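Reader: I would like a close look at one part of this model, the sheet and the helix that packs on it, followed outward into the core and the other helices. Please go through it carefully, keeping each contact tied to its residues.

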Amino acid sequence: MKTLLPITIAGSLPKPSWLAQPETLWSPWKLQNDELVQGKQDALRLSLLNQQQAGINIISDGEQSRQHFVTTFIEHLDGVDFENRKTVKIRDRYDASVPMVVGPVTRQKSVFVEDAKFLRSQTKQPIKWALPGPMTMVDTLYDDHYKSREKLAWEFAKILNQEAKELEAAGVDIIQFDEPAFNVFFDEVNDWGIAALERAVEGLKCQTAVHICYGYGIKANTDWKKSLGAEWRQYEEIFPKLQSSNIDIISLECQNSRVPMELIELLRGKKVMVGAIDVATNNIETPEEVADTLRKALQFVDAQNLYPCTNCGMVPLSQEVTRAKLNALAAGTEIIRKELSA
Ligand SMILES: [Zn+2]
């Protein structure tokens, strides 16, 4: 029987203390070589268990095999110099020291396929795997070779497509591309961002998703959110083109955000992962608060297309807070399932 309102998570889960520094974004690995492989697999097992105990239906990797949602992928590519770094402004918001593109970017071998095969071997539930989106990759680098964001995005899209096809063959049910940059560079999104994403999913038979959020709960992001005014209408700029794209699922930030819920109407017909858990606070949502967000979203998305979800990744939170939030997500979803089947 098909699950009504299948629950999933948008991104990362906390990493266990054997693998990385807890409650720390982008912490370096604590292990190396074979121990690192083992440590990541144990972390994937724990992240799977936490999701299953909470009642999550579509299991995510929880990013246990990634140090950073963009650079871990880029580290595996040729044409990028990680030693000579440059400081650039990420998403027009904060400075970061980033690697430099110095030649044609290519992928010699798969990046996450072994990790995905491992997760696949551990559960019969549907699994979702996340990759960075082409535009967000471009925005996390200094380009000294292509000298064109669009050209570089197109090269990344081809590489992502190779990786995605291997993930699909490994049994991944949903491949998600993280594109927080879609919330910032609207003209580029409409000019070439969505086209690059469609190139990345070309020929895939599994479901595809794009995650567009307002970022982790770090200061640069919370300050930026304060500057956005009473209504956040960023999604309005890009939803019409996304609605007519061939991406199946759109993942959005809705809990405690100032995004007017009616903007989801612009995506009518698409599946929508509705963020009903705020990842920028340790406050645990009540089941009724989660239900309230889902109920509002149901005015603009058909029940069979709604996936209750988190706003974004939860790696900066503690294991305890995360488990409580996942439980709230499931309990809130259960309230709405009962209402819908009454
Ligand atoms: Zn996010």
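Author: What follows starts at the sheet, moves through the core, and ends with a helix pair and a single residue.

The model is a predicted one, and its sheet is an open one in which three strands are arranged in the order β2-β3-β5, with mixed pairing. At the edges stand β2, covering residues 77-90, and β5, covering 142-143, each of which pairs on one side only. Between β5 and β3, the latter made of residues 94-107, the pairing is parallel and runs over two bridges, and within this part of the sheet Met100 is found opposite Tyr142 of β5. Against the sheet packs helix α5, residues 149-169, which touches β2, β3 and β5 and whose direction makes an angle of about 70° with that of β3.

From the sheet we can turn to the core. The largest nonpolar core has 98 residues, and the members that touch the most others are Phe156, Ile250, Val272, Met273 and Val274. Helix α5 supplies the largest share of this core, namely eight residues. In general terms, nonpolar side chains in soluble globular proteins tend to be buried together. For Val274, once neighbours within four places in sequence are left aside, the contacts are Leu252, Cys254, Thr293, Leu294, Ala297, Leu306, Tyr307, Pro308 and Cys309.

Another pairing of helices involves α1, residues 33-54, and α3, residues 113-122, whose axes come within 10 Å and cross at roughly 45°. An angle from 35 to 65 degrees is neither roughly parallel nor roughly perpendicular, and α1 and α3 are therefore oblique to each other. The crossing in which α1 passes α3 is right-handed, and the residues that make the contact are Lys40, Gln41, Leu44, Arg45 and Leu48 on the α1 side, with Asp115, Phe118, Leu119 and Gln122 on the α3 side.

Last comes a residue of helix α10, which spans residues 319-341 and contains Val321. Because 18 other C-beta atoms lie within 10 Å of Val321, this residue is partly exposed, given that a buried residue needs 20 or more and an exposed one has 12 or fewer. Not counting residues up to four places away in sequence, Val321 touches Asn282 and Ile284. Measuring from C-alpha to C-alpha, Val321 and Thr8 are 17 Å apart in space, while 313 residues separate Val321 from Thr8 in sequence.

Definitions and conventions: Residues numbered from 1 in each chain as written. Predicted model: local features only at pLDDT ≥ 70, side-chain atom pairs only at ≥ 80, totals over all residues. Pairing = 2+ DSSP bridges. Helix = DSSP H or I, 4+ residues; strand = E, 2+ residues; numbered from the N terminus. Contact = placed C-beta atoms within 7 Å. Axes fitted to C-alpha atoms, helices over the stretch in contact; angles between N-to-C directions. Core = buried A, V, L, I, M, F, W, Y, C linked by C-beta atoms within 7 Å. Parallel < 35°, antiparallel > 145°, perpendicular 65-115°, else oblique. Left-handed = near helix turned anticlockwise from the far one by under 90°.
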